[in-house]
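Visitor: Could you take me through one part of this protein at close range? I would like to see how a single strand sits among its neighbours.

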Amino acid sequence: MDAIKETHYNFKGQTNYYKGKVRDVYTIADKYLAMVVTDRISAFDVVLPEPIPYKGQVLNQIAAKFLAATADIVPNWVISVPDPSVTIGRICEPFKVEMVIRGYLAGHAAREYALGKRQVCGVTLPEGLKENDILPEPIITPTTKASVGHDEDISREDILAKGIVSEADYAQLESYTRQLFKRGTEIAAAQGLILVDTKYEFGKVGDTIYLIDEIHTPDSSRYFYSDGYEQRQASGEAQKQLSKEFVRRWLIENGFQGKDGQTVPQMTREIVESISARYIELYEQITGEQFIKPESQDVVVRVEQAINNAIATL
């Protein structure tokens, strides 16, 4: 199966290249980004040895769909999507915070709550909640954007006190975050899903704030299936999730959690194909649309041609 493991292009006007865990990003003329969403997959902060066919296309197309569906709320960085695995956009000066918003007590917030903490990022939580309960109202729990190491929780008060974001800009980021989450929640509900929590990243060009990066993908968001949610909650069962949690479970079952001395289990063709099929299932469940596989051809060459054509129109 053809997949994009890595790319090494040299485009006209290219001024920089950055290889992330799952994305290859080319800077064009110091004004634009050509982002290739590869088929690399990471878990436990480790990039696994085998790429997953169509994974990059799934994430890129979900992000493109939701960015287009929220462009009336806030402008975004996208200029064009010339290939299923590529997004071309404007370079923005990113804010050094990620805007995490939670509608339910899940993940990191649930772990903090279980430790007895009743404040997350300066937001007070009520007593008597259990994991995956709906919150009285969605809460914003920002994190710092670390250039090295892990992101860390931070409160609104600390962001303003440290001058990380101006008060006027932060008020706008909060407003955009709540509006985007409301729209994402409505779109998810139409697909029989609950948008549990997610994160948004923003940047600026001049005085204009733009929504950047991906939104509402299973790699940046947590979804529950709405059917049976209340019954599972009442009986104390785990919620049925729509995320890449199945990859982490397979790794754990095979003795890998990213710890020193552990080896990634062998990724057989069957395993790779099954993960690919699950990502396609994620796409169809989240978007309500059939996933279309591109016509068979060398995917790395196809992507290069698409970017070259897009650059010529900038």
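Guide: Happily; here is a walk around strand β2 and its partners.

This is a predicted model, where local features need pLDDT of at least 70, side-chain atom pairs count only at pLDDT 80 or more, and totals for chains, interfaces and linings use all residues. Residues are numbered from 1 along each chain as its sequence is written, and side-chain values use heavy atoms, with hydrogens and water left out.

Strand β2 covers residues 23-28, and 6 of its 6 residues are buried. Strands here are DSSP E runs of at least two residues, numbered from the N terminus, and buried means under 20% relative accessible area with a 1.4 Å probe, protein chains only. R23, V25 and T27 point one way from β2, while D24, Y26 and I28 point the other way.

On one pairing, strand β1 (residues 14-19) runs antiparallel to β2, joined by 5 bridges; strands count as paired if DSSP finds at least two bridges between them. Y18 stands opposite V25 of β2 here, and 3 residues lie between β1 and β2 in their hairpin.

β2 also pairs with strand β3 (residues 32-37), again in the antiparallel sense, over 6 bridges. In this pairing T27 stands opposite L33 of β3. The β2 and β3 hairpin likewise has 3 residues between its strands, and A29 takes a positive phi near 55° there.

So, to return to the strand itself: β2 is mostly covered, with antiparallel pairing to β1 and to β3.

How values were computed. Buried < 20%, exposed > 50% of the residue type's maximum accessible area, 1.4 Å probe, protein only. Helix = DSSP H or I, 4+ residues; strand = E, 2+ residues; numbered from the N terminus.
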